[in-house]
Amino acid sequence: YDKLTFLQIFFRGQFNSFLFPFFGSLINEIFPFLDGNQSIRILSVLSYFFLLSAVVKIFKLIFQKEIRFELLVIIFLNPILWHYGHRMYVGLFSYSLSLFAFASILSVKNKKYFIFFYLLLGVGIALKPFNLILLPVLTIIYAKKFKITYEFFILNLKVIFFSLIIPISYYLLIYIKLGNFITPENEDLKIALFSGHDDRSYYYIFNNFINYIGYANLILIPFSLMFFDKKNYFKRANITFFILIVFLSYFLSQIIFPTAELNFGPLQNFLSESIFFYLISISFLFFIFFNYFNLLSLKNDYPKFEKYLLCLIFIILYILALSFIKGSQRYIIPIIPIYLILLNQFVKINLVYKLLIFVYFTCNSALLLNYYIVGNSYNQVVNFLKENNIIYKTNPMVITPHVFHLYQNKKALMSGQSMYIEESLYFIDYGYNDNALFNSSINLLNFNINKYAVIKYD
């Protein structure tokens, strides 16, 4: 395909920046013995390098000391970061790169490197515009450091110019070539109050806000539940607030509703909707009370209070911005390391670190096992479809996320569809089927797992 057709095909099926696969192709050009999948995985590995480097720098900026190794391990093993890292998700790479640039700007001593890190931040913004939120945070920090002076304005002009020159150039190029800044239209990007959808009202924003905070706080247990000081579990004030949270959570759980992808995946099947909303509500109220008392405990240490408040404002404003669009696990990636850094200073029990590392390691082992089963199973299915020349006569259905790229071509572009299917004669479903043309089969410790079946339509 020519370059323009290639871009049109790429954007027919997604709205992510093409810079991420472009960087992957550069790696592939430099190391031709690697395939495309391996090249992208290198970028995914770099995500962890950038993220952990940024966390080390930010922790030192806030607390003026080195981060404890166990906290780094906990951030590295966090199941959501691990999951999206394995899936080679552009969001993890873009945020890690942006946070690394942000932390480097604040910690670098040699001014000649500033422009490089501003440009690096710009690359992160071009990859995912959500990273724009780091610019007003930089402005607030500079305002505190330099006051509202000539130096403050000059510094902010440099930040804005060098951080936005790359994303502006990128999106301008997309507009010139394709006639639109963001393609295709996507459910994720329909913004509440501005999309023209009646269901995306103020109530929609309120519901998403509670779900996002509740979910983020919930997945960071036990760090996010260090509500009680270990010596004062049964103080009257603690018990009173706990009872108040439990009581208010019941009423809150009655007025919220499901929000797209904010769930526990397969584990969600073991929870009723009412229990899940009750947990989200409790977690949301814990977030409010916990951080309120954290700020009170820091009132005599103004530098720490100020930094804690700034990070908390960043988290809340970021979640508020997210609340205008569809809820999704992947969008909370940016706040996980920041919130863990904040919570870390209130976790005094070493056993918590060890327990969490063990739990995360166990969860990730299960995830890796699942990746192995799913990956090998859908590869078996794809090989069967190709060998029998029926790939474009088969609706991939349950394996669509894994094989979407195989259905993106010029024929799909000409048909106006995101995927090219010549004729739907077959489909893919979960599990074993006696009438299937093909059943995938993975032998694991002498136990046969049939994940997918190729079935003919009646």
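Here is a quick look at one pocket, two cavities and a buried strand residue in this predicted model.

## The second largest pocket

Let's start with the open space. The second largest pocket has a volume of about 1,100 Å³, and 34 residues line it. If you want to find its centre on screen, look for Leu61, Leu106, Ile141, Tyr142 and Lys145, the lining residues that lie nearest to that point.

Several helices share the job of building the wall. At least two lining residues come from each of α3 (36-63), α6 (90-107), α7 (114-127), α8 (134-146), α9 (150-178) and α13 (302-322). The top contributor is α8, which puts in 8 residues. As for chemistry, the lining splits into 24 nonpolar residues, 9 charged ones and 1 polar one.

## The largest cavity

Now for the enclosed spaces. Searching the whole structure turns up 2 cavities of 30 Å³ or more. The largest cavity comes in at about 90 Å³.

Its lining is made up of Tyr89, Gly91, Ser94, Tyr95, Lys128, Phe130, Asn131, Tyr318, Arg330, Tyr331, Ile333 and Pro334. Helix α6 provides the largest share of that lining, with 3 residues. By class, you get 7 nonpolar, 3 polar and 2 charged residues around the largest cavity.

## The second largest cavity

The second largest cavity has a volume of about 40 Å³. Around it sit Ile213, Ala216, Asn217, Phe287, Ile315, Ile319, Ile335 and Tyr339. Helices α10 (202-219), α13 and α14 (335-344) each give two or more residues to this lining, and the largest share, 3 residues, belongs to α10.

There are no charged residues in the lining of the second largest cavity; the classes there are 7 nonpolar and 1 polar. Helix α13 is a name to remember here, since it also supplies at least two residues to the lining of the second largest pocket.

## Val454 in strand β6

Last stop: Val454, which belongs to strand β6 (residues 452-456). Is this residue buried or exposed? Its relative accessible area is 0%, so Val454 counts as buried, the cut-off being under 20%.

What does Val454 touch, once neighbours within four places in sequence are set aside? The contacts are Val381, Phe384, Leu385, Tyr426, Phe427, Ile428, Ala436, Leu437 and Phe438. For a sense of how the chain comes back on itself, try Ser440: Ser440 and Val454 are 14 residues apart in sequence, and their C-alpha atoms are 8.6 Å apart in space.

Definitions and conventions
Residues are numbered from 1 along each chain as its sequence is written. This is a predicted model: local features need pLDDT of at least 70, side-chain atom pairs count only at pLDDT 80 or more; totals for chains, interfaces and linings use all residues. Side-chain values use heavy atoms; hydrogens and water are left out. On a 1 Å grid over the protein atoms alone, a cavity is a set of points where a 1.4 Å probe fits but cannot get out, and a pocket is an open set with protein on both sides within 12 Å along at least five of seven lines; lining residues have an atom within 4 Å of a point. Grid points are joined across faces, edges and corners, and a volume is the space filled by probe spheres set on the points. Helices (H or I, at least four residues) and strands (E, at least two) are DSSP runs, numbered from the N terminus. Ala, Val, Leu, Ile, Met, Phe, Trp, Tyr, Cys and Pro count as nonpolar, Asp, Glu, Lys and Arg as charged, and the others, Gly among them, as polar. Buried means under 20% relative accessible area, exposed over 50%, partly exposed in between (1.4 Å probe, protein chains only). Contact means heavy atoms within 4.5 Å.
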